[in-house]
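Grab a coffee and work through these exercises with the viewer open. Try each task yourself before reading the solution under it.

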Amino acid sequence: MEFKESILVEREDVAEQLLPGQLATLHCKHCHTVLGDSLSVCGELPFLESVICLKVTNDVVVSDEMDLGRNGKLAECIFSHLTCRKCGRALGKALLATPPHLAALRSLFLLRKAQVTCYVLGSCAMVKASAVSFRLESLAEDIHEVEQKFQAHLHAMKKWQADSINSLDK
Ligand SMILES: [Zn+2]
């Protein structure tokens, strides 16, 4: 969606990467109720086509009843279903117990991207969550760059120290 002559319209053609520090709100695709925001997003889970959230709003209802995954990608997982409080549509799952390989997802909320739209702050547009990447970029490259800067700074300081000692000796 975007503002077009003061009407908010949905954009279909946008593929966005949520940049570090860029904020977005997550909405129910059907009724636009706010479900969460990008500050609570921990990443995405491609095999379930879901956004992983640490927190969601009170408008995401977590079912009291639990299900056991008997086969497929959630085999041996115990999970609750998430629904939209306003329109009642299914939004995803919250994993309560998992096999060890999915342990990192326990107690997190998995919102199906197909059921979510995003309002990227500053964009004046609503976009489908399926068109937005919530993958968290690795910090390894940034750390390597900072390490190189420190090494260069250390080298410059050692050279300055050596030059200072040499000039005192003269
Ligand atoms: Zn809804």
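## Exercise 1: Start at one cysteine

Cys118 touches Ala24, Thr25, Leu26, Met126, Val127, Ala129 and Val132, leaving aside residues up to four places away in sequence. Keep in mind that this is a predicted model.

**Task.** Find out which core Cys118 belongs to, and which strands supply it.

**Solution.**
- Step 1: look up the core. Cys118 is among the residues with the most contacts inside the largest nonpolar core, along with Leu26, Leu35, Val51, Phe109 and Leu111. That core has 30 residues.
- Step 2: list the suppliers. At least two core residues each come from β5 (24–28), β8, β10 (78–84), β11 (90–97), β12, β13 (116–120) and β14 (126–128).
- Step 3: put it in context. In soluble globular proteins, nonpolar side chains tend to be buried together.
- Step 4: compare with the whole chain. Of its 170 residues, 24% count as buried.

## Exercise 2: Put the sheet in order

**Task.** Work out the strand order of the open sheet of 6 strands, and say which strands sit at its edges.

**Solution.**
- Step 1: start with the inventory. The protein chain comes to 1 helix and 15 strands.
- Step 2: pair β8 on one side. Strand β7 (residues 41–45) joins β8 in the antiparallel sense, over 4 bridges, and Gly43 stands opposite Ile52 in β8.
- Step 3: pair β8 on the other side. Here the partner is β12 (residues 109–112), again antiparallel and with 4 bridges. Ser50 has Arg112 of β12 as its bridge partner.
- Step 4: add another pair. β10 and β11 are antiparallel over 6 bridges, with His81 opposite Lys93 in β11.
- Step 5: read off the order, which is β7-β8-β12-β11-β10-β9, with antiparallel pairing.
- Step 6: find the edges. They are β7 and β9 (60–68), since each pairs on one side only.
- Step 7: check the twist. Neighbouring strands of this sheet are turned by 30 degrees against each other on average, direction ignored.

## Exercise 3: Zoom in on β8

**Task.** Sort the residues of β8 (residues 50–53) by the way they point, and decide whether they are buried or exposed.

**Solution.**
- Step 1: sort them. Ser50 and Ile52 point one way, while Val51 and Cys53 point the other way.
- Step 2: check burial. All of them are buried.
- Step 3: tie this to the core. Val51 is one of the residues with the most contacts in the largest nonpolar core.
- Step 4: step back into the hairpin. Between β7 and β8 there are 4 residues, and in this hairpin Glu49 takes a positive phi near 50 degrees.

## Exercise 4: Odd phi values in loops

**Task.** Glu76 and Ser107 both have a phi near 70 degrees. Where does each one lie, and how exposed is each?

**Solution.**
- Step 1: place Glu76. It lies in the loop between β9 and β10.
- Step 2: count its neighbours. Glu76 is partly exposed because 13 other C-beta atoms lie within 10 Å.
- Step 3: place Ser107. This residue is in the loop between β11 and β12.
- Step 4: count again. Ser107 is exposed, because it has 10 other C-beta atoms within 10 Å.
- Step 5: note the phi sign. The value is positive in Glu76, a residue other than glycine, and likewise in Ser107.

## Exercise 5: Two loop residues around the start point

**Task.** Describe the surroundings of Leu121 and place Ala131 relative to Cys118.

**Solution.**
- Step 1: Leu121 is found in the loop between β13 and β14. It counts as exposed because it has 12 C-beta neighbours inside 10 Å.
- Step 2: Leu121 touches Leu23 and Ala24, not counting residues up to four places away in sequence.
- Step 3: Leu121 and Thr25 are 96 residues apart in sequence, yet 7.7 Å apart in space, C-alpha to C-alpha.
- Step 4: Ala131 sits in the loop between β14 and β15 (132–133). With 15 C-beta neighbours inside 10 Å, Ala131 counts as partly exposed.
- Step 5: Ala131 and Cys118 are 13 residues apart in sequence and 9.4 Å apart in space, C-alpha to C-alpha.

## Exercise 6: How far to trust it

**Task.** Which strand has the lowest confidence, and which the highest?

**Solution.**
- Step 1: take the overall figure. Mean pLDDT for the protein chain is 85, and 85% of its residues reach 70 or more.
- Step 2: find the extremes. Confidence is lowest in strand β1 (residues 3–4), at a mean of 55, and highest in β10, at 97.
- Step 3: apply the caution. Where pLDDT is low, the predicted coordinates should not be read in detail.

Notes
Residues are numbered from 1 along each chain as its sequence is written. This is a predicted model: local features need pLDDT of at least 70, side-chain atom pairs count only at pLDDT 80 or more; totals for chains, interfaces and linings use all residues. A residue is buried if 20 or more other C-beta atoms lie within 10 Å of its own, exposed if 12 or fewer, and partly exposed in between; C-beta atoms are placed from the backbone. Two strands pair if DSSP finds at least two bridges between them. A nonpolar core is a set of buried Ala, Val, Leu, Ile, Met, Phe, Trp, Tyr and Cys residues joined through C-beta atoms within 7 Å. Two residues are in contact if their C-beta atoms, placed from the backbone, lie within 7 Å. Axes are lines fitted to C-alpha atoms, for helices over the stretch in contact, and angles run from 0 to 180 degrees between N-to-C directions. pLDDT is the predictor's confidence in each residue, from 0 to 100.
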